[in-house]
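Colleague: Let's go through this one together. Can you put it on screen?

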Amino acid sequence: MTASGDNTALPLRGPLAGLAWTSLLLQVAIFAAPLALVLWLSLLAATEAPGDLSLTAWTSLLASPQARAALFSSILLAALTALGATLLATPLAFLIAVRGRVLGRVALGFVIVMWFFDPGLRILGWMQAFKDLAMLEILPASILGGFVAELIASVHAWLPLGILVLALAFGQVDTELLRTARECGATSITLLRRILWPLCHRAVALSAVLVFSGAIGSFLEPRLLGTGEFEQASEWLQRALESETGWPYAAAMLILMLVLAALPLVALTLLHQRKARR
Amino acid sequence: MSAPSHLDLRDLTAGEAAAALDGYSAQLARGSFFALVASAPEVLGTAVNLIAGFARPRHGRILIDGKDLGLRTPGERGVMTVRAHLALFPHLTLRANIAFPLEQRGHDRSEIAARVDRLAEECGLATELLGRLPANLTAEQKLRGALARAIAGEPEILVLERPLQALPPAARHAFLPELKRLHRQFNLTTLFATDDLSEAMAVADTISVIADGREVQLGKAEELFGRPASAAVARLAGPCNLLPVEADMQESKALLRSPLLQSGGGELGRERCHPQLTSGPALLLIRPEVVRPFLGIRRFDLLTDGTIADVMPHGTNTRIHVTVEGFAPGIIAEIPSPAPFPLESGRRVTLGWNRADSYLLPVS
């Protein structure tokens with residue numbers, strides 16, 4: 001390809017191109033090898049004859065009410081986490097992006113520290129807080145354990161990611177647009193609803209999708225805060241892995257969870273490509 | 001007793017370094033077209049942000065109709081700004097952009113639609129453009145849209161912050177009559193912040209020139225052009241020649257001495273000298289349009305000799321750059337085309353101009 005074409009992409013040549021291709025191949029191998037292994041595991045028949053391949057694990061998994069319920073529970077928790085984290089992330093992201101330098105930077109610094117801090121420790125902190133609150137009889141028993149507690153912990157764990165994605169996107173919006181809207185008399189809510197969200201709809205969707213993809217495979221929250229009443233896919237997975245004959249089922253569940261996590265990202269990408277083509 | 005100012009900027013100090021305003025004051029009468037000129041756009045940004053309420057002064061007050069704006073938020077000030085990049089909301093149609101301030105003020109839909117149609121027409125926008133996104137409009141249509149939106153906000157004060165930057169250079173001066181027409185039509189008190197004094201001189205009633213954060217001259221276009229307060233203002237007002245001379249100030253005239261002038265000097269009436277000028281080094285301001293190159297004998301008050309370095313066609317005129325021994329910048333002359341004799345590089349010429357077309361400035 002010649003450099004004089006209408007291409008907007010810069011040509012990549014020389015040692016850097018070699019390194020880039022090596023890195024890409026390495027990533028594909030690292031991702032593809034375990035995926036292939038898990039896929040192969042999921043197709044192993046749970047029979048006496050080793051090496052036989054069948055769809056038994058998949059059909060059994062899909063027929064199992066327990067597995068379906070666990071999967072549904074995980075999807076629901078991840079979807080609510082994505083919704084909650086995105087809604088809660090918006091005001092702080094707005095503050096970081098729009099407010100003055102000092103306040104915005106302090107808030108951003110806090111969010112980054114929160115993101116780097118081990119979610120497990122934070123959830124343990126939540127547990128302690130719930131216990132203390134239970135002792136004080138402030139919170140109703142229903143949210144001290146079970147699905148609501150898992151949801152609160154999950155939103156808490158994934159909130160920094162939502163804030164960072166949205167703050168980055170909001171920060172890219174031309175300040176003059178926001179100033180003009182303010183001059184026109186727009187309130188903060190109007191600014192968000194009419195200007196920031198429509199201009200950053202991709203980032204809002206990306207934030208929700210990233211949180212969903214991460215939250216669907218969460219196992220800390222269910223382990224630490226769940227009551228067992230609403231079993232999550234990750235808990236089901238752990239039980240299957242603990243059983244000697246459960247590995248093909250666990251592998252099938254893993255693949256299913258991976259597809260579910262990737263599905264919104266793929267859908268989002270396709271949607272944007274379609275819009276761009278228009 | 002004179003009428004109170006519509007917009008009163010009192011002793012404003014704000015911003016840092018190149019963006020600083022240092023004790024700036026200005027009074028705008030109701031319905032006036034006032035230009036604020038500074039070569040540094042950052043200073044203009046500081047002034048506009050103070051008036052619009054996006055920055056607070058370290059010192060000073062801003063009053064509209066005698067009322068201190070104090071801590072009023074941008075939406076409560078009655079100030080609408082058209083900014084250099086116009087800031088049309090890219091995801092909204094032109095109609096929605098113009099309707100935006102009306103919606104925020106709670107007007108009902110039918111009224112908004114009617115007012116947007118009327119405003120678009122008054123601002124020179126065809127109705128079929130209203131359904132387009134800003135990306136599908138020309139630069140001039142965008143500028144008209146931004147003006148219509150600002151006017152839709154029913155401002156007490158309309159601030160234009162370098163709005164012509166959005167247009168291609170060739171179209172900027174052509175749009176100035178349109179700015180004047182809109183000002184006449186809506187009779188809005190307008191503050192035009194620009195780094196181009198020639199734009200300001202074309203439209204504004206009063207012009208305030210800022211240098212180093214302070215006002216260096218306030219006046220009408222002809223005063224700034226013919227009697228600038230400093231060499232910096234003279235340069236902002238357009239191309240100029242500033243010849244270094246030695247001035248001896250006398251009661252009714254100034255005696256000039258300079259090896260650059262034929263016969264070593266000349267004289268200039270006191271009315272052609274800056275009021276604060278004292279004897280000593282000075283700068284003789286001569287605009288290129290009044291300098292004439294000639295061969296042979298011609299009657300001019302002041303003369304100098306040089307060699308043509310460059311000949312540049314400039315619209316209906318020809319601009320020539322003449323090098324003068326002992327004066328590195330040389331002299332620029334602009335003469336109507338065709339020239340009275342062939343102009344070619346390397347030709348020796350005498351340049352002449354009249355005293356009445358010169359102005360003597362202090363060096364600093």
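**Helices, strands and the chain contact**

Colleague: What covers the buried residues of α4(B)?

Modeller: The cover includes β6 (79-82), α2 (94-104), α3 (109-122), β7 (157-161) and α5 (169-186) of chain B. Buried means 20 or more other C-beta atoms within 10 Å of the residue's own, exposed 12 or fewer, partly exposed in between, with C-beta atoms placed from the backbone. Helices (H or I, at least four residues) and strands (E, at least two) are DSSP runs, numbered from the N terminus.

Colleague: Any caveats on the model and the labels?

Modeller: It is a predicted model, so local features need pLDDT of at least 70 and side-chain atom pairs pLDDT 80 or more, while totals for chains, interfaces and linings use all residues. Residues are numbered from 1 along each chain as its sequence is written, with chains lettered from A and ligands numbered from 1 in the order written.

Colleague: Back to α4(B). How many of its residues are buried?

Modeller: 11 of 14, so the helix is mostly covered. The buried set runs from Lys142(B) to Ala152(B) and includes Lys142(B), Arg144(B) and Arg149(B).

Colleague: What span should α4(B) have, and what does it have?

Modeller: The helix covers residues 139-152 of chain B. It should span 20 Å at 1.5 Å a residue, and its end C-alpha atoms are 20 Å apart, which agrees. The expected span is 1.5 Å times one less than the number of residues.

Colleague: What follows α4(B)?

Modeller: Glu154(B), with a positive phi near 45°.

Colleague: And α1(B): how many of its residues are buried?

Modeller: 10 of 12, so α1(B) is largely enclosed by the rest of the structure. Among the buried ones are Val43(B), Thr46(B), Asn49(B) and Ile51(B). Helix α1(B) takes in residues 41-52 and reaches 16 Å from its first C-alpha to its last, close to the 16 Å expected. Gly53(B) follows, with a positive phi near 95°.

Colleague: Zoom out. What does chain B come to in secondary structure?

Modeller: Eight helices and 20 strands. The C-alpha box is roughly 75 × 45 × 35 Å along the principal axes. Buried residues make up 38% of the 364 in the chain. Among contacts with a separation of 6 or more, 66% join residues 24 or more positions apart. A contact here means C-beta atoms, placed from the backbone, within 7 Å.

Colleague: Now the chain contact. How many residues does each chain give?

Modeller: Chain A gives 14 and chain B gives 17. On the side of chain A, α7 (175-183) and α8 (188-199) are the elements that give two or more residues. The largest share, six residues, comes from α7(A). That side divides into six nonpolar, three polar and five charged residues. Nonpolar is Ala, Val, Leu, Ile, Met, Phe, Trp, Tyr, Cys and Pro; charged is Asp, Glu, Lys and Arg; the others, Gly among them, are polar.

Colleague: Staying in chain A, which residues of α4(A) meet α6(A)?

Modeller: Leu108(A), Val111(A), Met114(A) and Trp115(A). Their partners in α6(A) are Pro160(A), Leu161(A), Ile163(A), Leu164(A) and Ala167(A). The residues of this contact divide into nine nonpolar, no polar and no charged.

Colleague: At what angle do those helices pack?

Modeller: About 140°, with axes 9 Å apart, for α4 (101-116) and α6 (147-172) of chain A. Axes are lines fitted to C-alpha atoms, for helices over the stretch in contact, and angles run from 0 to 180 degrees between N-to-C directions. That makes the pair oblique, meaning not under 35 degrees (roughly parallel), over 145 (roughly antiparallel) or 65 to 115 (roughly perpendicular).

Colleague: New topic. Where is the cis peptide bond?

Modeller: Between Ser337(B) and Pro338(B), with omega about -5°. Pro338(B) is in the loop between β18 and β19 (348-353) of chain B.

Colleague: And Glu334(B): what is it in contact with?

Modeller: Leaving aside neighbours within four places in sequence, Pro288(B), Glu289(B), His314(B), Asn317(B) and Arg319(B). Glu334(B) lies in β18 (327-336) of chain B. It is partly exposed, with 18 other C-beta atoms within 10 Å.

Colleague: Last one. Is Asn187(B) buried or exposed?

Modeller: Exposed, with 10 other C-beta atoms within 10 Å. Asn187(B) has a positive phi of about 50° although it is not a glycine. Ser263(B) has a positive phi too, about 60°, and is exposed with 7 such atoms within 10 Å.

Methods
Contact = placed C-beta atoms within 7 Å.
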